[in-house]
Amino acid sequence: MQAIVLVGGEGTRLRPLTETVPKPALTLVDRPFLAYMIEWLAGHGVDEVVLACGFLPDVLREALAGEEERAGVTISYVVEPERRGTAGAIRFAADELGDRLEDRFLALNGDVLTDLDLTALLQAHANPGSAVPLHGDARQENSGTGGARATIALHPVSDSSAYGLVRTGATGEVLDFTEKTGEAVPGEINAGMYVLERSVLDLIPPGEEVSIERDVFPRLVGEGLHGLRLDGYWMDIGTPERYLEATWDILEQRVDTRVQPTAPGMLVGPGAQVADGATVGPRVVLGSGSRVETGAEVRDSVLLDGCVVGEGARVSGSILSAGVAVADGARLEGAVVGSGESVPA
């Protein structure tokens, strides 16, 4: 099974963390963010991951060095010459694969941390209408009519204003697809994970900027577009607040990953040092080689590799990129600090 993963965005909402590092390569707890998705895909039978890149592809490739062996998949990279939109990026990657592209494949947004049941999505696509959620884990058996051309993973949220809202019928057929209404209502949203038949590519003009959410899916309503609700963990880490939330969810094991916390809510990397009289925790990531000096306090914060927090300094609710130095007595609260910066007292 092949998966095309869209990783071309610049991650502007996470700046300055992403000024020199693409969001998929950004360290989340102890590994590049995209490594979580690759491991999850491999766990659901994907053996080839095709990364549709745009921003700093060489940095991403370097960050993922060795991930093929760790996850047991083949990783290939295609680089868009210019922005193509979500559908355009899928079409570009598919054209690059040529005859190697399978008749049925996965396409996913690469900015989500999740443990949703991708195997259930693949099964629902192969047998549309055969397992439609009713309430919670309940299922209803149906005899699907017609094949699916595209099946969207749906996820329930209490506020759908920032997402694509999807309404489905009794057998999972999509009745209405509305992209980012701005209205704060509960509903099932587009989770950014799709099973696609190769024929869907015929709806995407080559070489153009095209949105799969706005331009392709609305055309498929009533023409083989299905959806399946998947309950579980799903988080778009596009903001510093969500980055921190995802960090604690990983370390407190609310999402299924391979990370092994040092303690609940804590990860201390190799060579990290905490001086006598310093206070660290209860929620903290200390990257490799980081140092917290005497009398300093670090709480609810992520310090990537090689950070130093000086004597008597206070860091709370913050994210420090690699190599940040916090001066003695400095105060940081809710800050996001770029790589190699110095924070004065």
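How many bridges join E18 to strand E21, and do the two run parallel or antiparallel? Two bridges join them, and the strands run parallel. Keep in mind throughout that this is a predicted model.

**Stop 1: the open sheet**

Select residues 297-299 to pick out E21. Now find Thr279 and look across to E21: its bridge partner there is Glu297. Widen the selection to the whole sheet. Four strands make up this open sheet, in the order E18-E21-E24-E27, and the pairing is parallel. Go to the edges next. E18 (279-280) stands at one of them and E27 (331-333) at the other. Each edge strand has a single partner strand, so one side of E18 and one side of E27 have no neighbour in the sheet.

**Stop 2: strand E13 and its partners**

Select residues 187-197, which form strand E13. Is this strand mostly covered or mostly uncovered? Mostly covered: nine of the 11 residues in E13 are buried.

Add residues 104-109, strand E6. E6 pairs with E13 in the antiparallel sense, over five bridges. To see the register, centre on Ala107, which stands opposite Tyr194 of E13.

Now add residues 150-157, strand E10. This pairing with E13 is antiparallel too, and runs over seven bridges. Here the pair to centre on is Leu154 and Asn190, with Asn190 on the E13 side.

**Stop 3: two packed helices**

Hide the strands. Show helix H4, residues 85-97, together with helix H6, residues 212-220. At what angle do H4 and H6 pack? The angle is about 80 degrees, and the axes lie 7 Å apart. Angles of 65 to 115 degrees count as roughly perpendicular, so H4 is roughly perpendicular to H6.

Show side chains at the contact. From H4, take Thr86, Ala87 and Ile90. From H6, take Ile212, Glu213 and Val216. Colour these residues by character: four are nonpolar, one is polar and one is charged.

**Stop 4: two cysteines**

Select Cys53. Is Cys53 buried or exposed? Cys53 counts as buried because its relative accessibility is 1%, and the cut-off for buried is under 20%. Move on to Cys307. Its relative accessible area is 0%, so Cys307 is buried as well.

With cysteines on screen, one more check is worth making. How many disulfides does the structure hold? It holds zero. A disulfide is a covalent bond between the sulfur atoms of two cysteines.

Technical notes:
Residues numbered from 1 in each chain as written. Predicted model: local features only at pLDDT ≥ 70, side-chain atom pairs only at ≥ 80, totals over all residues. Heavy atoms only, no water. Disulfide = S-S within 2.5 Å. Buried < 20%, exposed > 50% of the residue type's maximum accessible area, 1.4 Å probe, protein only. Axes fitted to C-alpha atoms, helices over the stretch in contact; angles between N-to-C directions. Parallel < 35°, antiparallel > 145°, perpendicular 65-115°, else oblique. Contact = heavy atoms within 4.5 Å. Nonpolar A, V, L, I, M, F, W, Y, C, P; charged D, E, K, R; others polar. Pairing = 2+ DSSP bridges.
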